[in-house]
Amino acid sequence: MRRVAFWGALCAAAFAVGIFFWHNHTKQAVQTDSYALFALGEEDAAFQKILQGAQAAAEERGAEIKSYAWKNGGNDWMKKIQQEHTDGMIWFWDKDDRIDPENIKEKCAQIGLPVILIGPGTAEAEICMDEKGAGSLMVQEALAQGAQSVVFLMDRRDTAAAWQLDGAKSALPGDIPYVEADENGRWLPQENREQKREDATFVLAFGKAATEAAIEMKEKGRLARNVPVIGTGCPMDVESLENGTVSALLYPSYFAMGYRAVEKLHDGATLGGGPENEQIPYRVITLENLYDAENVSYVFPLLD
């Protein structure tokens, strides 16, 4: 009888231990994946679009996104990560030299945290904007609209604008003459200049300052009103599209960047960053396609 009681008690204890470990394992198994999204400022329009894309991808996968604003310097983000359950991190920086991508990767690798960097079209970012592709798209759109000669207006302080210009030059046919000017409309050094700005049939403006300068030139009569302008770097200017000041604006899909970042993390990103640089193409937005369904996430904020 004692043996029966002994073995009965032993089986009950083993069952209880098994239930304990099963409960904890199940609890861990159903725990929601949580990803942290960092940026310099949460009010930034680009960040909000990235956040919306990340949230959409996370919702599809039963995960959650927590967003944080990074303070100016220090490793305060490390404290937040270590205080809360986090399965991966997305870090967005946009042409800001206060961000050291390699330092972020190193810190994340030290604590075993997968990280995806979203940034300018550089080697440090796993997901970035296709700047040279943007320049090529601008030329394609200008040719489609009948461009016979081109002025390249470039913001010299904007690295992305320089890459866009490189892409445009590579895509421009050899029989289309062009000249270059800076964001203030001053000519840049160039041999055999045969064309004047006033004779241009098209203006391609690279970067926010250059696009704004082109719009101002048309408004003040320094550039003929009938000369089309295609620009990059500006927030979506619906008014300028509607009144014909610009014929097209190129807009990066920040939404797609956030979405792809969560996809990469959920599929198992490499610690310290993914191995490949994925370039997200720009979208050419014109008055004709402004309200197309596929362009809504590029241009307008999503409403809850």
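Modeller: Two strands pair if DSSP finds at least two bridges between them; helices (H or I, at least four residues) and strands (E, at least two) are DSSP runs, numbered from the N terminus. The model is predicted: local features need pLDDT of at least 70 and side-chain atom pairs count only at pLDDT 80 or more, while totals for chains, interfaces and linings use all residues. Residues are numbered from 1 along each chain as its sequence is written, and side-chain values use heavy atoms, with hydrogens and water left out.

Colleague: What is the order of the strands in the open sheet of six?

Modeller: The pairing in this sheet is parallel. Its edge strands, E2 and E11 (278-280), each pair on one side only, and the twist averages 20 degrees from one strand to the next. The order is E2-E1-E3-E4-E5-E11.

Colleague: Which residue of E2 is the bridge partner of Tyr 35?

Modeller: Strands E1 (residues 34-39) and E2 (residues 64-69) run parallel and are joined by six bridges. In E2, Tyr 35 has as its bridge partner Ile 65.

Colleague: And in E3, which residue is the bridge partner of Leu 37?

Modeller: E1 and E3 (residues 88-92) pair in the parallel sense over four bridges. The partner of Leu 37 there is Ile 90.

Colleague: Are the residues of E1 that point either way buried or exposed?

Modeller: Side chains in a regular strand alternate between the two faces of the sheet. In E1, Ser 34, Ala 36 and Phe 38 point one way, and Tyr 35, Leu 37 and Ala 39 the other. Buried means under 20% relative accessible area, exposed over 50% and partly exposed in between (1.4 Å probe, protein chains only). By that rule all of these residues are buried.

Colleague: Which residue of E11 stands opposite Cys 128?

Modeller: E5 (residues 127-129) and E11 pair in the parallel sense over three bridges. Opposite Cys 128, in E11, stands Gln 279.

Colleague: What angle does the direction of helix H4 make with that of E4?

Modeller: Helix H4 (residues 101-110) packs on the sheet and touches E3 and E4 (115-119), contact being heavy atoms within 4.5 Å. Axes are lines fitted to C-alpha atoms, for helices over the stretch in contact, and angles run from 0 to 180 degrees between N-to-C directions. The value is about 165 degrees.

Colleague: Which helix gives the most to the largest nonpolar core?

Modeller: A nonpolar core is a set of buried Ala, Val, Leu, Ile, Met, Phe, Trp, Tyr and Cys residues joined through side-chain atoms within 4.5 Å. The largest has 45 residues, and those with the most contacts inside it are Leu 204 and Phe 206. With seven residues, the element that gives the most is helix H2 (residues 45-60).

Colleague: Why does the pair of Phe 152 and Tyr 178 count as stacked, tilted or edge-to-face?

Modeller: Rings of Phe, Tyr and Trp (its six-membered ring) pair if their centres lie within 6.5 Å; planes under 30 degrees apart are stacked, over 60 edge-to-face and the rest tilted. For Phe 152 and Tyr 178 the centres are 5.1 Å apart and the planes stand at 45 degrees, so the pair is tilted.

Colleague: How many residues separate Phe 152 from Phe 206 in the chain?

Modeller: These two rings also form a tilted pair, with 5.7 Å from centre to centre and 55 degrees between the planes. Both residues are buried. Phe 152 lies in E6 and Phe 206 in E8 (residues 202-206), and the separation is 54 residues.
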